[in-house]
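Colleague: Could you take me through one part of this model up close, the aromatic rings and what sits around them? I'm new to this, so plain words, please.

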Amino acid sequence: MYKKKHIWNQPKKLAVQTGKYLVLAAIMLFLLFPVYWMLVTSLKTNNESYRVVPTFWPEVINFEGYKTLISDGKFLIYYKNNLIVSAAAALVICFISIFAGYALSRFHFKWNKWLLATFSFSQMMPVISRLISLYTILQKLNLIDTHIGLVLAISATQVPFTVSLMASFFDGIPVELEDAAHIDGCGRIHTLFKIVMPLVVPGILAVGIYSFLMTWDDYLHAITLIRSSDLWTLSQGLKFTYLGEVSDWQLINSASTLGTIPMLIIFFIFQKYMVKGLVAGAVKG
């Protein structure tokens, strides 16, 4: 009787598993289709892109959009500015998050919970609600229309989350290791850099990658704080240079494809650190 029941359940389990894979495949196709359409459109001529009945593959593969962008000095300037701002913001955020996260994890005082609550509350506020205050502060410091001001503004937006994330990584390191180092004569700073930091490298990478990716895709801060065209970042440059009443869709999608490449490379190489970092931040007690 048991054997018959087991044989009967096998087709049922196979059908359930097949259904799960089909659902996952449908979701994946739905999410990846915009990326596919962007890539395909970058290889079409504008005449083909503006047709009423769309084509799902170019009739003739055309690389004119990429050639135009590479030969256009403006696009390369925007690309360089984006790299500089993203890398600088990632370094600043990592530096602040390491020290602030360590202090939040190791030094327990009566305001800890209120500080964490403030960080959580700041993450719930929309970015646009803070732009007026950031603009006023940076204007008083004469940092409007500078990459330094843009980096500081972006860092202020991301630091609450990254500090909480780094604190969760430091919480996973036993305090006994630091106590042993103190007994051997190590100071607090020496212990942090020589003992603790090598153990939280995945957390540092997670914070750095998250900061880089979020800054790379930033638009609101850049369009609010940067005015000079030679300082525009990629998203701002694409908006003001290539978008208009009659858009060159091949050029725009070519630029979008080239702008997506660094994010894809970084994400696929370091995705395990991103997942580990987000999970660590999610389960923090």
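Modeller: Sure, let's start with Tyr66, which is buried, because its relative accessible area is 13% and anything under 20% counts as buried. Keep in mind that this is a predicted model. The mean pLDDT of the protein chain is 83, with 91% of its residues at 70 or more.

Now look at the ring partner. Tyr66 forms an aromatic pair with Phe63; the ring centres are 6.4 Å apart, the planes make an angle of 45°, and the pair is called tilted. Phe63 has 47% relative accessibility, so it counts as partly exposed, whereas Tyr66 is buried.

Tyr66 also has a neighbour from a far part of the sequence. Ser254 touches Tyr66, along with Ser42, Gly65 and Leu69, leaving aside residues up to four places away in sequence. You'll find Ser254 in helix H13, which covers residues 249–282. Ser254 has 0% relative accessibility, so it's buried as well. Here's a nice way to see the fold: Ser254 and Lys67 are 187 residues apart in sequence, yet their C-alpha atoms are 9.4 Å apart in space.

Back to the rings. How many aromatic pairs does a search of the whole structure find? There are 15. One of them joins Phe33 and Phe56, and it's tilted too, at 6.5 Å centre to centre with 55° between the planes. This pair links distant parts of the chain: Phe33 belongs to helix H1, while Phe56 is in the loop between helix H2 (46–49) and helix H3 (64–71), and the two are 23 residues apart. Phe33 is partly exposed, since its relative accessibility is 37%. Phe33 and Phe56 also belong to one aromatic cluster with Tyr36 and Trp37.

While you're on helix H1, which spans residues 2–42, find Leu24 in it. Leu24 counts as exposed because its relative accessible area is 54%, over the 50% cut-off. Leu24 helps make a nonpolar surface patch of about 710 Å², together with Tyr21, Val23, Ile27, Phe30 and Leu31.

One spot to read with care is residues 281–285, where pLDDT stays under 50. For that stretch the model has 7 contacts beyond four places in sequence.

Notes:
Residues are numbered from 1 along each chain as its sequence is written. This is a predicted model: local features need pLDDT of at least 70, side-chain atom pairs count only at pLDDT 80 or more; totals for chains, interfaces and linings use all residues. Side-chain values use heavy atoms; hydrogens and water are left out. pLDDT is the predictor's confidence in each residue, from 0 to 100. Contact means heavy atoms within 4.5 Å. Patches are made of residues with over 30% relative accessible area and no salt bridge: like charges are joined within 9 Å, nonpolar side chains (Val, Leu, Ile, Met, Phe, Trp, Tyr) within 5 Å. Accessible areas come from the Shrake-Rupley method with a 1.4 Å probe; for residues, only the protein chains shown count as cover. A salt bridge is a side-chain nitrogen of Lys or Arg within 4 Å of a carboxyl oxygen of Asp or Glu. Helices (H or I, at least four residues) and strands (E, at least two) are DSSP runs, numbered from the N terminus. Buried means under 20% relative accessible area, exposed over 50%, partly exposed in between (1.4 Å probe, protein chains only). Rings of Phe, Tyr and Trp (its six-membered ring) pair if their centres lie within 6.5 Å; planes under 30 degrees apart count as stacked, over 60 as edge-to-face and the rest as tilted.
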